[in-house]
Amino acid sequence: MKKLILCVALIAAISVPAAFSQLRFELGANVPVAAALLSGGELSEDTIPLIGSDIFVAVPNSSLLLQIDLGLLKIGAGVKVQSIMLMAYAAYPNVQAEIALGPLSIDASLGGYYMGFYAIGEGFGAMELDALIPEVSAWLALGKKKAFRIGGGAIGLLPTSFDLSEVPMILYGGMKIVLE
């Protein structure tokens, strides 16, 4: 009898969230274009260009979210992974909201606080990050299924004290494939 109750509870735990939500997988690469500082609610005039005339560094990233589709609005929670030169990886929890306006979508996400990492030759680790990672981006979906997207955005580093006097950010352009 206990096994039957456990099986029914397990089936309910798996099927109930799946009935109201769906998995979303994103795989992409962003190219940092400039670094800026948001100071006192205004963007600083001194931006640092991060892309040269003949060299750029793409930052591969991926995310796996369990999301709820509310029509124009999609809200999801999951994990996001950023990579540096495919040699070091950082993963952190992430909450994302997306507004879809035809082929144009606007994403806003907030992640961080905890971070797991892996570096080739160094191994695994985890740490509590005293910062949150906000990101805002706009994407243009291409193709029949609107899976391939090109766009750009900004990603920052926000202290958990929410001291908004100086917030560093990186502006980027990128592409991604979204599977829902």
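Buried means under 20% relative accessible area, exposed means over 50%, and partly exposed lies in between. Keep these cut-offs in mind as you explore the close-up views of this predicted model.

**View 1. Tyr-113 and Tyr-114 form an edge-to-face aromatic pair.** Start with Tyr-113: its relative accessibility is 30%, so this residue counts as partly exposed. Its partner Tyr-114 has a relative accessible area of 46% and is partly exposed. The centres of the two rings are 5.0 Å apart, and the planes meet at 85°. A pair of aromatic rings is described by exactly these two things, the distance of the centres and the angle of the planes.

**View 2. Tyr-89 and Tyr-118 form a stacked pair.** A search of the whole structure finds three aromatic pairs. In this one, the ring centres lie 6.5 Å apart and the planes are at 25°, so the pair is stacked. Tyr-89 sits in strand 6, while Tyr-118 belongs to strand 7 (residues 104–119). The two tyrosines are 29 residues apart, so this pair links distant parts of the chain. Tyr-89 is partly exposed at 31% relative accessibility, and Tyr-118 is partly exposed at 30%. Look for Phe-124 too: together with Tyr-89 and Tyr-118, Phe-124 forms one aromatic cluster.

**View 3. Nine residues make up the largest nonpolar core.** Here you can find Ala-90, Tyr-92, Met-115, Leu-129, Ala-131, Ile-133, Trp-139, Ile-155 and Tyr-172. Two elements give two or more residues each to this core: strand 6 (88–101) and strand 8 (123–142). Strand 8 provides the largest share, with four residues. In soluble globular proteins, nonpolar side chains tend to be buried together.

**View 4. Ala-90, a member of the core, has neighbours from elsewhere in the sequence.** Leaving aside residues up to four places away in sequence, Ala-90 touches Lys-80, Val-81 and Gln-82, and also Met-115, Gly-116 and Phe-117. Met-115 is another member of the core.

**View 5. Arg-24 makes polar contacts with two glutamates, Glu-98 and Glu-180.** You will find Arg-24 in strand 1 (residues 22–39). Is this arginine buried or exposed? Arg-24 counts as buried because its relative accessibility is 0%. Its side chain is joined to the side chain of Glu-98 by a polar contact of 2.9 Å. A polar contact of 3.2 Å connects the side chain of Arg-24 with that of Glu-180.

Conventions:
Residues are numbered from 1 along each chain as its sequence is written. This is a predicted model: local features need pLDDT of at least 70, side-chain atom pairs count only at pLDDT 80 or more; totals for chains, interfaces and linings use all residues. Side-chain values use heavy atoms; hydrogens and water are left out. A nonpolar core is a set of buried Ala, Val, Leu, Ile, Met, Phe, Trp, Tyr and Cys residues joined through side-chain atoms within 4.5 Å. Buried means under 20% relative accessible area, exposed over 50%, partly exposed in between (1.4 Å probe, protein chains only). Contact means heavy atoms within 4.5 Å. A polar contact is a pair of N or O atoms within 3.5 Å; within protein, one must be able to donate a hydrogen and the other to accept it, and residues adjacent in sequence count only if both atoms are side-chain atoms. Rings of Phe, Tyr and Trp (its six-membered ring) pair if their centres lie within 6.5 Å; planes under 30 degrees apart count as stacked, over 60 as edge-to-face and the rest as tilted.
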